[in-house]
Amino acid sequence: MTTPSLVTQDLTIRFGGHVAVNAVSCAFHPGELTVIVGPNGAGKTTFFNLVSGQLTATSGRVVKDGTDITGMAPSARARQGIGRAFQLTNLFPQLTVLENIRLAVQARSGDGWRMLRQVTAQRGLTAQAETYLEATRLTAVARQPAAALPHGDQRKLEVALLMAMEPDIYMFDEPTAGMSLDHAPDVLELIAGIKADPTKTVLLVEHKMDVVRALADRIVVLHNGELLADGPPAEVMSSQIVRDVYLGTSGGAA
Ligand SMILES: Nc1ncnc2c1ncn2[C@@H]1O[C@H](COP(=O)(O)OP(=O)(O)OP(=O)(O)O)[C@@H](O)[C@H]1O
């Protein structure tokens with residue numbers, strides 16, 4: 001077993017009297033894709049927010065490659081290699097697809113938003129951006145404004161932006177939500193490609209059981225903010241407690 005890249009220790013957050021994530025201890029490893037499932041309100045998105053920094057834990061810790069990142073802002077966590085796909089919020093809608101990806105490459109390369117750069121360096125950025133365009137099969141729409149893309153291509157662009165940041169930890173929250181059936185396989189293939197890289201750790205929140213079956217190396221089940229089960233997909237999905245509280249309460253899940 002590899003050393004975990006990401007560990008949560010007794011991770012907890014309270015909203016008033018409500019404990020949305022309750023003492024969740026979990027370790028995530030490079031080369032492994034973990035799907036986090038659970039009924040509505042189980043705490044999945046809140047758990048993600050605690051890892052990526054949108055929320056700060058009431059108690060417990062988040063540790064990335066041995067560094068305690070619990071108190072860090074989202075931008076500092078991103079610099080530590082935590083990458084989370086957000087719908088649309090990272091896009092500049094009036095800029096083209098290529099320009100959006102180029103900005104992400106530039107941000108990661110440490111040049112920030114500096115405009116005056118040498119032509120050769122600019123070309124290097126464009127060449128890198130083009131590799132992510134090709135990887136996400138967006139080359140044909142490279143010159144279109146991001147805002148003009150159909151929903152499915154916008155989701156692919158979100159994956160391209162995330163890849164351009166070259167994180168160690170990829171976090172996807174329902175990556176095919178709202179996508180048509182013909183676009184979803186492209187995004188799932190992209191995520192499968194990322195998980196094939198033994199240096200990358202992938203966390204996925206997902207409701208669709210066909211997506212879980214296609215991608216999961218491991219399943220973590222949250223219920224009422226607590227870790228209910230954690231293990232290989234076949235073991236977790238056949239466990240009686242999971243069938244009772246999760247599959248039993250979520251009619252569309254099976
Ligand atoms: N900022 C907040 N203030 C108060 N309560 C919150 C807040 N964020 C989340 N909660 C509560 O925490 C619980 C967990 O919510 P969360 O969105 O994490 O669940 P989820 O498993 O992602 O659900 P879904 O599958 O419906 O997206 C819910 O009861 C929710 O109402």
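Where in the secondary structure does Lys-200 lie? In this predicted model, Lys-200 is placed in the loop between H6 and strand E8 (201-205). Lys-200 is nevertheless buried, because 22 other C-beta atoms lie within 10 Å of its own, where 20 or more is the criterion for burial. Leaving aside residues up to four places away in sequence, the contacts of Lys-200 comprise Pro-30, Asp-168, Tyr-170, Ile-194 and Lys-195. Phe-15, by contrast, is 185 residues from Lys-200 in sequence, and the two C-alpha atoms are 32 Å apart in space.

The overall organisation of the chain is considered next. The secondary structure consists of nine helices and 10 strands. Of the 254 residues in the chain, 40% are buried. Among contacts between residues at least 6 apart in sequence, 66% link residues at least 24 apart. The domain assignment divides the chain into domain 1 (1-81 + 167-254) and domain 2 (89-165), and a distance of 27 Å separates their C-alpha centres. At the boundary, 11 residues of domain 1 contact nine residues of domain 2. Helix H6 (residues 184-195) provides three residues, the largest share of the side of domain 1 that touches domain 2. That side of domain 1 is made up of seven nonpolar, three polar and one charged residues.

The largest nonpolar core contains 65 residues, and the most contacts inside it belong to Ile-36, Ile-101, Ala-160, Ala-164 and Leu-204. Helix H5 (residues 151-164) contributes seven residues, the largest share of this core. Because domain 1 (1-81 + 167-254) and domain 2 (89-165) both give residues to the core, it lies between them. In soluble globular proteins, nonpolar side chains tend to be buried together. The surroundings of Ile-101 illustrate the packing in the model: with residues up to four places away in sequence not counted, Ile-101 touches Ala-129, Tyr-132, Leu-133, Ala-160, Leu-161 and Ala-164.

The ligand is surrounded by residues that include Phe-15, His-18 and Ala-20, together with Gly-38, Asn-40, Gly-41, Ala-42 and Gly-43, and with Lys-44, Thr-45 and Thr-46. Strand E2 (18-28) and helix H1 (44-52) each supply at least two residues of this shell, and H1 makes the greatest contribution, with three residues. By class, the shell around the ligand has three nonpolar, seven polar and one charged residues.

Strand E2 also takes part in an open sheet of four strands, arranged in the order E2-E1-E4-E5 with antiparallel pairing. E2 and strand E5 (67-68) occupy the edges; each has a single partner strand, so one side of each is left without a neighbour in the sheet. Within the sheet, strand E1 (residues 6-15) and strand E4 (residues 59-64) run antiparallel and are joined by five bridges. Thr-8 is positioned opposite Val-62 in E4. Asp-10 is found in strand E1 and has a positive phi of about 50°, although it is not a glycine. Asp-10 is exposed, because its C-beta atom has 12 others within 10 Å, and a residue with 12 or fewer is classed as exposed.

A further antiparallel pairing joins E9 and E10 over five bridges, and Val-220 stands opposite Asp-230 in E10. The hairpin of these strands has two residues between them, and Asn-224 adopts a positive phi near 50° there. Asn-224 is situated in the loop between strand E9 (218-223) and strand E10 (226-231). This residue is partly exposed, with 15 other C-beta atoms within 10 Å. Although Asn-224 and Ala-42 are 182 residues apart along the chain, their C-alpha atoms are separated by 4.7 Å; Ala-42 is also one of the residues surrounding the ligand.

Arg-137 likewise is not a glycine yet has a positive phi, of about 55°. Its place is in the loop between helix H4 (119-135) and H5. Arg-137 is partly exposed, with 14 other C-beta atoms within 10 Å.

Definitions and conventions:
Residues numbered from 1 in each chain as written. Predicted model: local features only at pLDDT ≥ 70, side-chain atom pairs only at ≥ 80, totals over all residues. Domains from an automatic or database assignment. Contact = placed C-beta atoms within 7 Å. Nonpolar A, V, L, I, M, F, W, Y, C, P; charged D, E, K, R; others polar. Core = buried A, V, L, I, M, F, W, Y, C linked by C-beta atoms within 7 Å. Near = placed C-beta within 6 Å. Pairing = 2+ DSSP bridges.
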